[in-house]
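Welcome! Please take a moment to look over the model below, and then let us walk through it together.

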Amino acid sequence: MHTVDIISFGYLHGDPPAAHLTLDLRHHFRDPHVSPELRYMTANDRAVRQAVHNTPGIPALIEATADAIVAFLHGPSAGPVRVAVGCAGGRHRAAAVAMALKPALADEDVTATVTHRDLDKPVVQR
């Protein structure tokens with residue numbers, strides 16, 4: 001059984017956590033924060049997860065990241081793999097993608113955990 005630790009975070013709340021693979025979602029994918037109706041929600045809300053998953057490129061990114069995780073798991077060290085997924089505040093894009101990675105690994109011999117470093121922090125006013 002392989003172990004994968006997935007952590008979501010916001011770059012505006014501090015440095016990225018140490019990881020084997022880090023995804024930076026800030027510049028290439030629309031931020032739900034710009035929608036007033038989603039701004040104060042988090043990835044725990046279905047509307048936010050839908051907005052993120054309906055963003056062009058996100059489903060392919062989740063699939064490609066799951067494939068990369070499997071490649072790391074089969075590397076010579078065979079130890080736990082840590083994946084960090086970041087966006088600006090850590091409440092929308094990063095958390096939603098981190099949540100989606102766990103089921104994307106379901107067909108593998110993997111125990112995956114998801115931790116949200118900044119999900120419950122206040123909305124960053126910009």
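Two strands are said to pair if DSSP finds at least two bridges between them. Helices (H or I, at least four residues) and strands (E, at least two) are DSSP runs, numbered from the N terminus. With those terms in hand, find T22, which stands opposite A84 in strand 3. Before we go further, please note that this is a predicted model, in which local features need pLDDT of at least 70 and side-chain atom pairs count only at pLDDT 80 or more, while totals for chains, interfaces and linings use all residues. Residues are numbered from 1 along each chain as its sequence is written, and side-chain values use heavy atoms, with hydrogens and water left out.

Let us begin with the sheet. In what order do the four strands of the open sheet stand? The order is 2-3-1-4, and the pairing is parallel. Strand 2 (21–24) and strand 4 (110–116) are at the edges with a single partner strand each, so one side of each has no neighbour in the sheet. From one strand to the next, the twist averages 15°; here and below, axes are lines fitted to C-alpha atoms, for helices over the stretch in contact, and angles run from 0 to 180 degrees between N-to-C directions.

Now follow the pairings across the sheet. Strand 2 and strand 3 run parallel and are joined by four bridges. Seven bridges link strand 1 to strand 3, again in parallel, and I7 has A84 as its bridge partner in strand 3. On the way to strand 4, strand 1 (residues 2–10) makes seven bridges, and these two strands also run parallel. Here D5 stands opposite T113 in strand 4, and I6 has V114 as its bridge partner there.

Strand 2 deserves a closer look. Which of its side chains are buried? The side chains alternate along the strand: L21 and L23 point to one face and are buried, whereas T22 and D24 point to the other and are not. Buried means under 20% relative accessible area, exposed means over 50%, and partly exposed lies in between (1.4 Å probe, protein chains only). D24 has a relative accessibility of 30%, so this residue counts as partly exposed. Beyond its neighbours within four places in sequence, D24 is in contact (heavy atoms within 4.5 Å) with Y11 and G86. D24 and K121 are 97 residues apart in sequence, and their C-alpha atoms are 19 Å apart in space.

That contact brings us to G86, which has its place in strand 3. G86 counts as buried because its relative accessibility is 0%. Apart from neighbours within four places in sequence, G86 touches F9, Y11, L23, D24, L25, R26 and A94. The C-alpha atoms of G86 and T65 are separated by 13 Å, with their positions 21 residues apart along the chain.

Next come the helices that lie across the sheet. Helix 3 (residues 58–73) lies across strand 1, strand 2, strand 3 (81–87) and strand 4, and runs at about 165° to strand 2. Helix 4 (residues 93–104) lies across strand 1, strand 2, strand 3 and strand 4 too, running at about 150° to strand 3.

How do these helices meet each other? Helix 3 and helix 4 pack at an angle of about 55°, and their axes are 10 Å apart. This makes helix 3 oblique to helix 4, where angles under 35 degrees count as roughly parallel, over 145 as roughly antiparallel, 65 to 115 as roughly perpendicular and the rest as oblique. I58, I62, T65, A66 and I69 of helix 3 make the contact with V97, A100, L101 and A104 of helix 4.

Helix 4 has another partner in helix 2 (residues 46–53), where R46 lies. R46 is exposed, with a relative accessible area of 58%, and its C-alpha atom is 9.6 Å from that of A96, 50 residues away along the chain. Helix 2 and helix 4 pack at an angle of about 85°, with 9 Å between their axes. The two are therefore roughly perpendicular to each other. R49, V52 and H53 in helix 2 meet R93, A96, V97, M99 and A100 in helix 4.
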